[in-house]
Amino acid sequence: MAENVQHAIAQKKDEPAGANEWEPKIIGFLCNWCSYAGADLCGVSRYQYPTNVRAVRVMCSTRISPHIVLELFTAGADGILVGGCHLNDCHYITGNFYTEKRLRLMKKLLEDAGIEPQRLRLEWVSASEGEKFSKIVTEFTEQVKKLGPSKVKKDAALKTRASAADGASQTFRLRALVGKELGLEKTGNVYGQKLDQTELEKLIDAATKDEFERSLILELSKQKARSVKELGQIMDVPTDKVLRHIVVLRQKNMIAMEHPDGLTPTYKAIEIGGEQ
Amino acid sequence: MTKDVMVIGGGIAGIQAALDLADKGMIVHLVEKTPSIGGRMAQLDKTFPTNDCSICILAPKMADCFSHPNTNVITYAEVVGVEGKVGSFKVKVLKKARYVDETKCTGCGECLEKCPSKVPSEFEMGLSNRKAIYMPFMQAVPRVMTIDKEHCTMITKGKCGNCKKACKREAIDYEMKDKILELEVGAIVVATGFDSWDPSSATEYGYGRYPNVFTALEYERMINAAGPTHGHIERRSDKKRPIKMAFIQCVGSRNPQVGHPYCCSVCCMHSTKESMLAREHHDDMESTIFYKDMRACAKGFWEYIERAKRDYGVRYVNSDATVQENAETHNPIVVYDVGGRQQSEEFDMVVLATTLVPRKETLELAKVLGLKADEFGFLESSERILEFGKTVVPGIYLAGYAAGPADIPESVAQGSSAAAKAVEAIVQAGG
Amino acid sequence: MADTIKVDPKDKPRIGVFVCHCGTNIGGFVDVKSVAEYAKTLPDVIYATDNLYTCAEDGLVSIREGIRKHNLNRIIVASCTPRTHAPLFQATCESAGLNKYLFTFVNIREHCSWVHMKEREKGTTKARDLIRMGVARARLLIPQEEQRVDVEPSGVVIGGGVAGMTAALSLADMGFPVHLVEREAELGGFVKNLNNLYVTEKSATDTIKPLIEKTKAHKNVKLHLGSQMKSVEGFIGNYEIVIGAKGAEDIKAKVGTIIVATGALEYVPEGLYGYNQYPNVVTLTEFEILCKKKALPKMKNVAIIQCAGSRGQVKTYCSRVCCNVAIKNAINIVDNYDNMLGLAEQLGTVIEKVPVEQKVPEEIIERRRRRRGRERGEEGEADEVKLGPSEKIEVTVFNRDIMAYGVEHELTYNKAREKRVKFVRYTTDHLPRVYMEGNQLTVGYFHETLKLERTMPVDMVILSTPLVAQPDAGDLSQMLKVPLGQEGFFLEAHVKLRPVDFATDGIFVCGTCRGPADITEAVTQASAAASRAAIPMAKGYVQAEALTSVVDENKCSGCGTCIQVCPYGALRKSEKGLAEVIVAACKGCGCCGATCPEGAITMTNYTDAQLLAEAKAALQEEV
C-alpha cells in the first residue's frame, strides 16, 4: 500500500512556494449545520482556496461570545471569520440573530481598541454553498493580507487596548444589553414598549465606549498606579471623563486610590486573587 | 407476528415515517428505488415560505435516518412481492446489483475521474452529465458509488475496467448479482412520491422545441449553488443570463385535455419562490407569473405572495398562456389574454410549472400490495375524511405525494401520521 | 465491548493520533507521513501513526489496539468530516472502553487536501496546524455521561374537537393513557355545528359520531368535559398538570407529553358587507347551521362572497378551507334546495331579523327588473331553456382566487361550474358591495372583463370569513411557554420539517389552532402529533447528548437573560432564584453561554477554554 501512496505523492507537483512571504493566520468559527457543511461541500466539489483559514467547528455561531473573539485578537490573530446559517435557517431557530448582534459589538470594540474591524467577518453560508465558501475565504484572506500582520504582538500599547476591549466585552452591562437587544426590538421592554433599532444601537454604542474606557483604565492601572492626568493622556480622553469612570470603578471596588508622597492621587486596579 | 415495519420510498415523507418509527424502538426497513435517499426535496434549492436551504435541513435527517440503530436502509431496491396480513407481511425486496460493495466504498470519487462514459444526470434533470459509475448527488446517503449497468462498457461489452483499477478499496465487483431479500414486517408505509410530467407533448408551450423554455425542476437545479451551472441562471441557446423571466402555471394540470384535471397544490408557491430567488440572485431580474388562480392557501403563504409583489417586484398576470419563439433571438414569446384581449410579450426565459404526477411505478406497486389507485395514479385512502392514509389493506398506510398532492410539511405530517397508524395497527394486532 | 476505561479529568492526557491517507485523497496532496511524525512531537501525544484508510476495519483495529497497548485516554483521528464519520470513530472508542467524548476529529480532507490540491507544502503545514489544534482541544476534554430523564408514559390532549379526539385516540390505541380536556360540555368542537362535509357530502354529525363514541368508550382515554387547563409545570416527560372544572375540585395529574388542539373560531365580520345591518347576510357557518336546522328562507338568488375579512382585508392570511366549503354549499343549494327548505318556509323570505318596511318607488323596482334581465342575458341566456331543477335558484360566488387545491377540490370546482354555479372574480380595488335597494338586498360588483359596475338583487348573502385564533390562545401559550405566530395561531418549531412539534420538547400542536386546515388535514396532523408524542413515551426516557449548558451557581445572579434567549425553554429559575438548565430540553446551541452577563454558563464539550485552546494553537508559530 505504502508504495501506491508514495507513487501518488511523487506524481503531484507543487507550485513554487514563495518562501518567506508572510501568511496571515485566520481562525474560522463555523457552525456545524450550515457553514461547516458548506465548507465540506466546497471540499467535496474541489473548489480551491488559500490555506490560511483554520476552522474550529461549533454547534452554532451563537456560541461565539465577544470574549472569545477579542481574546484571540489580543493573542495576535490576523483575522477571524464567523460562519453561520442564513438568517431564518438557523438549526437552533434564532441563534444567528444573536450572532449578528454580538458581531456588531465585537466590531465596535475592535474599533475602540484600534484594531481594524475588517479583520473580523461574519458570513452566512448554507450547506449547499460550497463555491461561496471558497470565494469568501479567498476574498477574506486577500483582505487580511492587505491589512498586514496583526500589530498586537509588537505594539504593547495596542495589546493593552485589545485586552481592555476583551475586558469590556465581559462586563455585565454589555453582555446584558446585547443579550436583551433582540428581545427589546421584537417584544419590547417590561412596559411593552418596543425600542427602535437605531435608538438601541446608539445606546449600546455609548455603553460600549464607556465600558471600554473603564476597562482600559483598569488595564493601565494594573501595570502600575497612575494619576488621572496620566490616564487621560495615554487614553486620549478628557480628565473629567476619566475621573467619572474612576468614581464608578471605585464604587464597584475595582480600583483603589493611593497617595504616593502625599501628592497627586494615583489609582491602581484591584486584582481579584487567582481569577483570570 | 413482528413489530418491524417497512417504509417504501426514501423521500421526506418516507424518511419522516422511518425516523418516527425507529425512534419508538421499532425496526424499520426503508426501501428506496434510487441509489440514495432524499427524494425530490434533495433537488430543491430553497423551500417556501421561509426560503430555507433545502439540503441544509434535509441532510441531517438523511444522515439520522441512515445511521439510526433501528433502521435498515436498503437503497437501489424495489418491493416485488407481498404476502400475509397486518402483523406479518412477508415482503420480497429486489436489491439491484450496484456493482460496488457498499461496505467497502468510501465515496472518495477516485473512480469517477477514470470512468469514460457520460450519461445525463437524473438528479440534475439532464442539465449535466454523470458517469456510468456515480453518486447521484454530493450529499447522497449512503455515500457510496453505483454502477449504472446500462451505460457501463465493462458490464455491457466487457471493455474498460478503469474504475476497478482506480479503486484502492477493491470495492468494485462487476460480477455482482441482483438479490431477493425476504423480510417479515407487521405494517407497511408507502411513500413513493412524484415525477415531473414531461411537457413536450403539450406543444403550445414549446418545451423541447424552444431552447429557452425550462421546467420548474430544471430551473430549481440551475439556481442551486451545487447544481449543473453552479447557481448561474443560463439560457440554453446562448448561455446568457436572462433578465425577463416568465413563469407559466398549470402546464398540463387543471387541464382535462392532457389528462391531468387536478391541481398540484404546490406550484403557485413554487413559482413565486423561484421568482423571488431570481431577484435574490440578480437585482435586475424581473419575473412575471401567468396563473389561473393563485393558490397560496396554507400558513404564511398569502403573506409570501404579498411579499413577492412588494419586495421582489414579482408581477402576477391572471391568464392562461402559451409560448411562441422569436426565431432570431430564441427569446420565448408568451401569448396571453387580459380582459378578453390577446397580448404577446417577449421574455428571455420561460419556466413551466408542469404537472407533478405520481411515479409511474406506483401503479405496479399498488398491484403488488393490493392497493387501489385513482384514475390519475394516486393511491387511494379507504376513508377519506377522518383517516386519510388508511388503505383497503389493513396494515398498509400512505404518506406524501403518492397519496395526493401535498407540500413538504403536509408530507412530513402524513409520514408521522402513517407511523402512528402503523404502530396502532401492530399494537392492536397484539404485537 | 471492553471494560470501561476510567479517565479522571486530572489524569495526564495520553493522546493517540491517527492520520488517514484516505487512499490518495489526503495522501496525494498532503505529506501524511510527515504530519504523523510531527504529531508525535506535540505535548501529551504518546502515539501517532498513519493509516491508508482509518475508517476501514484495519484502521479501526489500530485505534482499539492503540488504546490498549499505549493506555491512550484521548483519541484523535485526522481524516474526513465529523459530520459523516464521527459516529463511527466514537463507537470504536467506546468499543475499546473509552468514553466517546474523549474523541477529537480533525478534518484534513474536505477542509485541507481537497481544497489545496496544488499547494502541497502549505497544505501540509495546514494539516499540521489542524492536528496541533486538535491536540490542544483533546488535552482539555473530559469524559461525559449522557443524562437520562425518565418519561411518564401518559399524555394530555387539550381540546376535544376532531383533532383532539384523533390525537387522544391515537395515543390510546398505541397503549398510552391520555387525559382529554374539553372546555365545552360535549365533544366535537367546530365540526359539530356543520351541516355536511365536502368530498364525501355526508352529514357532519354522522361522520364524527363514531369518533365521539370511540373516544368516550376507550379505556385509555380519561375525559374531562367542561374543564380547562389551570396550570402546567415541568418539562418533557415530567409535566405536573392541573385540570379544573366549574364547581368541581381540581384534578392533578402527571403526564409525559402535551398535545395542543384547541381549534379556531370563525371570524365575525362586523361592519363588512352589511353583516348585522341587513337581513339575510350570514357567515358560512351560520349558513351551515341554517341548513342543519332546515331553516332556510325562500330564495331565488344567493351570493357567496369569498375572502370576507381575509387575505389583507382584516386578517393577512388565506383561510384555506372557505373556497371549498363555499363550493360545496353552492352545489348543495343548486342540487338540493327543495330538501333543504324546512319549517322556515312558512316564515317567508327573511331569517333572523325582519327588515324595516320601506316604500320602494315604482321606478326603482322597474329599473331593478330591467337590470336583472340584462344580468341574466349576459350570464348565458341561450342555455336558459336547458336548465334542470336548479333553474329555481342561482348561486354566484364572488371570489379573488378559488383555492380548490389538490384532486377532489378541483374536480368539485369543475362540477360546480357544470352545474351553473357562477364564479365572478373581484379584485381588492373593486370589492363587492352589499346594500339595500329599497326592500331588496343587492350586491353591486365590478365586472372585470367588461370593466362595468353591475348590480344583482339577491335573497341571501353568505360571507366566507376566515378561521381565526382562539381569543385566549395567548393564555395557553404563556402557560405552556410555547409561541404564537403573528395572527395568534400557535407557531410550530419548523415550518417545513417540524409541522406538529413545538421547539420545546414534549409539547406538540395540531389542527386549526396552528392555522386554518380542513378536517382531513387537522386529523392527519393530530395523528402526526400523537406519533411525535409517542416517541419519548415509547422509549421511556430522553437522553441528551452531553453538549448542554451548565450553570455555575456561584456566578449566576439570577438576572434571567438566559431564560429569555433560549429558544427551547431549557432554562428556568430554580427555587434559589438562579438559572437552572433542564438538560432534557437543552439542544446545546450555546446562545445562553455567549449571552450570560455574568459569564456563569458554559457548554459541556465546547467550553471557552477548549475553544480558545484550539483556536490559539492555530496562532502558534510552528515548533
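Is Glu437(C) buried or exposed? At 13% relative accessibility, Glu437(C) counts as buried, and I start with this residue because it shows how one position can be placed, given that buried here means under 20% relative accessible area. Before going further, I should say that what you see is a predicted model. Glu437(C) sits in strand 18 of chain C, the run of residues 433–437. Its C-alpha atom is separated by 43 Å from that of Glu186(C), and the two residues are 251 apart along the chain.

Let me turn to where chain B meets chain C. The size of an interface is often given as the accessible area lost when the parts come together. Here chain B and chain C bury about 5300 Å² between them, and 59% of that area is on carbon and sulfur atoms. Within the part that chain B buries against chain C, Lys299(B), Ile385(B) and Leu386(B) supply 14%, more than any other three residues. As for the number of residues involved, the contact takes 62 from chain B and 62 from chain C.

Across this interface there are 30 residue pairs in polar contact, with both partners at pLDDT 80 or more. If we ask which helices of chain B contribute to the side that touches chain C, helix 1 (12–23), helix 2 (54–67), helix 8 (301–312) and helix 10 (408–428) each supply at least two residues. The largest share, 15 residues, comes from helix 10 of chain B. Sorted by class, that side of chain B has 30 nonpolar, twelve polar and 20 charged residues.

Helix 10 of chain B gives us a residue to look at in detail, since Ser416(B) lies in it. Ser416(B) is buried, with a relative accessible area of 1%. Leaving aside neighbours within four places in sequence, Ser416(B) is in contact with Gln16(B) and Asp20(B) in its own chain, and with Ser527(C), Ala528(C), Ser531(C) and Arg532(C) in chain C.

Now to the charged pairs. Side chains of opposite charge can pair when their charged atoms come close. Over all chains the count comes to 82 salt bridges, and between chain B and chain C the count is seven. In one salt bridge, Arg320(C) pairs with Glu410(B), where the closest N and O atoms are 3.4 Å apart. In another, the side chains of Arg295(B) and Glu410(C) meet at 2.7 Å, N to O. Arg295(B) lies in the loop between strand 17 (286–291) and helix 8 of chain B, whereas Glu410(C) is in helix 11 (residues 408–418) of chain C, so this pair joins two chains. Both Arg295(B) and Glu410(C) are buried. These two residues also belong to a network of salt bridges that links Arg254(B), Asp293(B), Arg295(B), Arg311(C), Asp401(C), Glu410(C) and Arg425(C).

There are also salt bridges inside a single chain. The side chains of Glu218(B) and Arg236(B) meet at 3.3 Å, N to O, and this pair links distant parts of the chain, with Glu218(B) in helix 6 (residues 216–223) and Arg236(B), 18 residues apart from it, in the loop between helix 6 and strand 16 (244–251) of chain B. The two partners differ in their surroundings, for Glu218(B) counts as buried at 5% relative accessibility, while Arg236(B), at 33%, counts as partly exposed. In chain C, Lys192(C) and Glu184(C) form a salt bridge at 2.8 Å, N to O, and Glu184(C), at 38% relative accessibility, counts as partly exposed.

What about the aromatic rings? The structure holds 19 aromatic pairs over all chains. In one of them, the rings of Phe123(B) and Phe137(B) have their centres 4.4 Å apart and their planes at 15°, so the pair is stacked. Phe123(B) is in the loop between strand 8 (119–120) and strand 9 (129–130), and Phe137(B) is in the loop between strand 10 (133–134) and strand 11 (146–147) of chain B, 14 residues apart. Both Phe123(B) and Phe137(B) are buried. Elsewhere, ring pairs link Phe194(B), Tyr262(B), Phe376(B), Phe378(B) and Tyr401(B) into a cluster.

I will end with chain A. Thr171(A) lies in the loop between helix 6 (156–169) and helix 7 (172–186) of chain A, and at 17% relative accessibility Thr171(A) counts as buried. Apart from neighbours within four places in sequence, Thr171(A) is in contact with Glu211(A) and with Pro597(C).

Key: Residues numbered from 1 in each chain as written. Chains lettered and ligands numbered in written order. Predicted model: local features only at pLDDT ≥ 70, side-chain atom pairs only at ≥ 80, totals over all residues. Heavy atoms only, no water. Contact = heavy atoms within 4.5 Å. Buried area = accessible area lost by both parts, 1.4 Å probe. Salt bridge = Lys/Arg side-chain N within 4 Å of Asp/Glu carboxyl O. Polar contact = N/O pair within 3.5 Å; in protein donor to acceptor, adjacent residues only side chain to side chain. Helix = DSSP H or I, 4+ residues; strand = E, 2+ residues; numbered from the N terminus. Nonpolar A, V, L, I, M, F, W, Y, C, P; charged D, E, K, R; others polar. Phe/Tyr/Trp six-rings, centres within 6.5 Å; stacked < 30°, edge-to-face > 60°. Buried < 20%, exposed > 50% of the residue type's maximum accessible area, 1.4 Å probe, protein only.
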